[in-house]
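Welcome, and thanks for taking a look at this one with us. Below is a short briefing to read alongside the model, grouped by topic.

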Amino acid sequence: MGLFSFIKEKILKKNTKTKDKYVAGLDKSRKNFSSKLNLLSKRYQKVTDEYFEELEEILIEADVGVNLALDIVEATRQEIRQKGIYEPKEINEILVDKMFVSYAQQGENIVNEITFKEEGPTVLLVVGVNGVGKTTTIAKLTKRYLDQGKKVLLVAGDTFRAGATEQLSVWASRLGCDIVVGKENQDPASVAYDGMVKAKQGHYDLVICDTAGRLQNKLNLMNELSKMKRVISKEIPDAPHETFLIIDATTGQNGVLQAKAFKECTNVTGVVITKMDGTSKGGIILAIRDELGIPVRFIGLGEKMEDLEEFDLDQYLYGLCLGGEEE
């Protein structure tokens, strides 16, 4: 049994709500990716060089990334030579095995959930450009940890975008959690300082600190984030403990470029992919992992508050490649 056949069998046995969310959330991507693979299999009775060239194009069009697409196809070629497999349908399954391995081999076992400190607040810094769903993602993460019984404090550090503080304040009111805000165009580091002081005094479990999403250039971004981190770590040692980068799946390779820029500016510990249900190019997750080595920690599979799920590689590949099949 191939690796992906094993994954499929394991997921079908679970028959969980999470599986259904992944299948629904990846519907557009699956229809685009799987349909092209199936058509390719029907057009070729035996594999040829042209078959593999088209396979590379399918992966690239799915936003897997050029380098990774070439690596995956070459690894697939080598395995079918060793095993003497020439049927396109069997080769597609080997292809998905290689996609799994390409993600998994980039790092050690990943714990998606935030690991909380035994004493003192755990600080999460949230970064990302404007328009990617940063504020909504902060709200969804807040609800997730409030539901786990954690005491959460929000810090409205995006003081440069008109309405950012107000939007986060509305979410704080809806969710029933506290928030620290500043004035428009106030130094974000000073707001972060006030947040850390309140977090210690109020014995909060988790502090989620928003940051500016639009600064003039990379140097400006680096200086602003560095200043915030210095202020935060001065008040709470080793903080921020986590830095989540929010990426909009519909931006495709632009999302990869954003991830590269932020990684150069700060220590990103995880990526949250939003709007996955709105894209037909679901390969961006593999591209980010391959090019930056950063794990995807959470994935947005819909607009509801409960539609932010822990990222699960098995569920993702199942939803991307097989979720629409009759079971």
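How many bridges join strand β1 to β5, and in which sense do the two strands run? There are 4 bridges between β1 (residues 122-127) and β5, and the strands run parallel. Please keep in mind that this is a predicted model. The points below start from that pairing, follow the chain through two crossovers, and then turn to aromatic rings and a cavity.

**Strand β5 and its neighbours**

- On the β1 side of β5, L124 is the residue that stands opposite E242.
- Strand β5 covers residues 242-248 and is joined to β6 by 5 bridges, again with the two strands parallel.
- Two contacts help you find this pairing on screen: L245 stands opposite V271 in β6, and D248 has T274 of β6 as its bridge partner.
- Between these two strands the chain passes through helix α11 (residues 253-265), and the resulting β-α-β crossover from β5 to β6 is right-handed.
- Because 7 of the 7 residues of β5 are buried, this strand is largely enclosed by the rest of the structure.
- The cover extends to both faces of β5: E242, F244, I246 and D248 lie on one side, T243, L245 and I247 lie on the other, and all of them are buried.

**Strand β6 and the step to β7**

- Strand β6 (residues 270-274) is mostly covered too, with 5 of its 5 residues buried.
- Its side chains split into two sets, with G270, V272 and T274 pointing one way and V271 and I273 the other way, and all are buried.
- Strand β7 (residues 296-300) pairs with β6 in the parallel sense over 3 bridges.
- Within that pairing, I273 stands opposite I299 in β7.
- To get from β6 to β7 the chain goes through helix α12 (residues 284-292), and this β-α-β crossover is right-handed.

**Aromatic pairs**

- A pair of aromatic rings is described by the distance of the centres and the angle of the planes.
- The count for this model comes to 6 aromatic pairs.
- One of them is formed by Y51 and F52, an edge-to-face pair at 5.4 Å centre to centre with 85 degrees between the planes.
- Y51 counts as buried because its relative accessibility is 0%, and F52 counts as buried at 4%.
- The rings of F311 and Y316 have centres 5.5 Å apart and planes at 55 degrees, so this pair is tilted.
- Both partners of the tilted pair are buried: F311 has a relative accessible area of 6%, and Y316 has one of 0%.
- Y51 and F52 also belong to one aromatic cluster together with Y44.

**The cavity**

- Rolling a probe the size of a water molecule over the atoms shows where empty space is left.
- Here the count comes to 1 cavity of 30 Å³ or more.
- The volume of the largest cavity is about 30 Å³.
- Which residues line the largest cavity? They are S29, F33, A62, V64, M99, K281, G282, G283 and L320.
- Sorted by class, that lining has 5 nonpolar, 3 polar and 1 charged residues.

Notes. Residues are numbered from 1 along each chain as its sequence is written. This is a predicted model: local features need pLDDT of at least 70, side-chain atom pairs count only at pLDDT 80 or more; totals for chains, interfaces and linings use all residues. Side-chain values use heavy atoms; hydrogens and water are left out. On a 1 Å grid over the protein atoms alone, a cavity is a set of points where a 1.4 Å probe fits but cannot get out, and a pocket is an open set with protein on both sides within 12 Å along at least five of seven lines; lining residues have an atom within 4 Å of a point. Grid points are joined across faces, edges and corners, and a volume is the space filled by probe spheres set on the points. Ala, Val, Leu, Ile, Met, Phe, Trp, Tyr, Cys and Pro count as nonpolar, Asp, Glu, Lys and Arg as charged, and the others, Gly among them, as polar. Buried means under 20% relative accessible area, exposed over 50%, partly exposed in between (1.4 Å probe, protein chains only). Two strands pair if DSSP finds at least two bridges between them. A crossover is right-handed if, with the strands pointing away from the viewer, the path from the first strand over the helix to the second runs clockwise. Rings of Phe, Tyr and Trp (its six-membered ring) pair if their centres lie within 6.5 Å; planes under 30 degrees apart count as stacked, over 60 as edge-to-face and the rest as tilted.
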